[in-house]
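I am opening these notes to keep track of what I looked up, and in what order. My topic is charged side chains and where they sit in the chain.

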Amino acid sequence: CCNSNRLSRCHFDTGQARNIHALMIWLSFVGFLVAGLAAAYIIRWMGGRATMYGQSMPQRFHVGEVPRLGGVAVLAGVTVSWLLGVWQTRAGDPGSLRLGYWVFLWIVVLLPSAIGGIAEDMTQRLSVRYRLLLTLISGGLAVWLLELNVPRLGLPWLDAMLRREPWLGVGIVLLAIAGLPHAFNIIDGYNGLAGMVALIVTLALAHVCLQVGDRALASLLVCMAAATVGFLVWNYPRGMLFAGDGGAYIWGVVIALASLSLVQRNVEVSPWFPMLLLIYPVWETLFSIYRKLVRGVSPGMADALHFHQLIYRRIVRRVFHEDEARRMLKRNNRTSPYLWAFTMLTVVPAVLFWNNTPVLMAFCGLFGATYVAAYIGIVRFKVPDWMRF
C-alpha cells in the first residue's frame with residue numbers, strides 16, 4: 001500500500017513492466033489530447049476577445065492580442081489524466097502505479113496557485129502580492145496535507161541542523177513551492193521557452209523516478225509532460241496561445257511537489273539533483289532580484305533585462321521580413337532554442353549524476369559562473385559571430 005509520503009517498491013516481471021508502460025502511454029495520450037483540444041477551444045473562443053495586454057509592457061514581444069490562458073489547457077490535461085489514473089487504480093491497477101486518494105490532495109494543493117495565475121491572465125488586476133500569497137497557501141497545504149518536508153540537503157552539518165530544527169525543512173518546502181512558480185513566470189517570455197523547459201525537467205524527473213522504482217510519481221510527471229506538449233503544439237512556433245501566469249504557476253507547483261517528494265521518498269536521490277535541474281529558472285530569479293536591488297528598483301517591477309530578453313535584443317537580430325508581425329514572430333521563435341540548449345547543459349549532468357551530491361553541487365556552481373559571464377558578455381556586446389543567426 002502507499003500514502004502521500006512513501007510508496008512500497010517491489011520487483012515486477014516483464015509482463016508487469018509492459019503493463020506499466022502501456023498504462024503510462026495511455027494516461028499521457030489522454031493528457032495530451034485533453035490539453036490540445038482545450039487549447040484549441042480557448043483559441044477559438046478567445047480569438048479577438050483576449051484581455052488587452054499593454055503595448056508598453058516591457059515583457060511584450062509580439063504583435064496583436066493573443067489569449068494568455070494556456071494554463072487552463074494544461075490544468076485540464078493534467079487533472080483529467082491524473083483522475084483517470086486514480087480510477088484505473090481503483091478498477092484493478094494493471095500497471096501497479098498505485099495512484100490513490102493522495103492524487104486528489106495534489107490537485108487540492110495545486111488549485112490555489114493555478115486559480116490565482118489564471119485570474120491574473122483573465123483580468124490582469126491581481127497584484128504580485130496576492131499571487132505570492134496564493135502560492136504560499138499551496139505550500140502550506142503541501143506541508144499539511146502531503147506532509148512534505150526536506151529531511152536532508154546532502155551535507156552532514158546541514159543534515160544535522162535539519163534534524164535538530166525540522167521547521168527549517170518546512171521553510172524550504174514553503175520557499176520552493178511559493179518561489180518556483182514565479183521563477184517559471186520570469187522565464188516565460190518567448191514562444192516555447194518556459195513550456196519546453198518544463199517539459200525537459202518533468203521528463204528528467206520521471207526518468208529518475210523510474211530508476212528508483214517510484215512509478216506513481218513518474219506517471220504524474222509523464223502526464224504533466226504530455227499536457228505540456230498539448231499546449232506547445234499551439235504555442236510553438238505559431239504563438240497562437242500563451243501559457244500566461246496560470247501555466248507558469250502550474251508547472252512550478254507540480255515540479256516543486258515532484259522534486260520534494262522524490263527526495264523525501266527516496267534516500268538514494270541527492271537533494272541537489274532537482275536543484276541542478278532547475279538551476280536556470282532559480283538562478284534567473286535570484287540574479288534578477290539582485291540586479292534590481294542594486295539599481296534601487298523593486299524586485300516585483302517588470303523589466304526587459306532578463307537573460308532571454310538580452311538574447312532576443314543582442315543576438316537574434318538577423319531576421320528580415322517586410323511584415324513587422326512576421327519579423328517579430330521569427331525573432332521570438334529563434335530566441336527559445338538558445339535557452340533550451342542552456343537548460344540541457346544542466347539537465348544532462350543532473351540525470352547522469354542524480355545520486356552524486358558533490359558532482360551536482362560542482363555543476364550548480366559552474367552554471368552560476370557561466371551564467372554571469374554570459375550575461376556580462378552580452379551586455380558588453382562581446383558575443384562571437386557564430387552565435388548570431
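I began with Arg-265 and Asp-214, and I noted that both of these residues are buried. The model is a predicted one, so I am treating each entry as a reading of computed coordinates.

Next I asked how close the closest N and O atoms of Arg-265 and Asp-214 come to each other. I found them 3.0 Å apart, and the two residues form a salt bridge. Because Arg-265 lies in helix α9 while Asp-214 lies in the loop between α7 (193-211) and α8 (215-235), this pair ties together parts of the chain that are 51 residues apart in sequence.

I then searched the whole structure for salt bridges and counted 4. I reminded myself of the general point that side chains of opposite charge can pair when their charged atoms come close.

Which residues does Arg-68 pair with? I found one salt bridge to Asp-121, with the closest N and O atoms 3.4 Å apart. This pair links distant parts of the chain, with Arg-68 in the loop between α1 (14-46) and α2 (70-90) and Asp-121 in helix α3 (residues 102-123), 53 residues apart. I found another salt bridge from Arg-68 to Asp-245, where the closest N and O atoms are 3.6 Å apart. Since Arg-68 is in the loop between α1 and α2 and Asp-245 is in helix α9 (residues 244-265), that pair ties together parts that are 177 residues apart in sequence.

Are these partners buried or exposed? Arg-68 has a relative accessibility of 15%, and because buried means under 20%, Arg-68 counts as buried. Asp-121 counts as buried at 4% relative accessibility, and Asp-245 is buried as well, with a relative accessible area of 6%.

I also wrote down that Arg-68, Asp-121, Arg-131 and Asp-245 are linked in a network of salt bridges.

To place these entries in the whole chain, I looked up the secondary structure and found 14 helices and 0 strands. Of the 389 residues in the chain, 53% are buried. Looking at contacts with a separation of 6 or more, I noted that residues 24 or more positions apart account for 77% of them.

My last entry concerns the surface: the chain exposes about 17,500 Å², and carbon and sulfur atoms supply 67% of that area.

Technical notes: Residues numbered from 1 in each chain as written. Predicted model: local features only at pLDDT ≥ 70, side-chain atom pairs only at ≥ 80, totals over all residues. Heavy atoms only, no water. Salt bridge = Lys/Arg side-chain N within 4 Å of Asp/Glu carboxyl O. Helix = DSSP H or I, 4+ residues; strand = E, 2+ residues; numbered from the N terminus. Buried < 20%, exposed > 50% of the residue type's maximum accessible area, 1.4 Å probe, protein only. Contact = heavy atoms within 4.5 Å. Areas by Shrake-Rupley, 256 points an atom, 1.4 Å probe, with all protein chains shown as cover.
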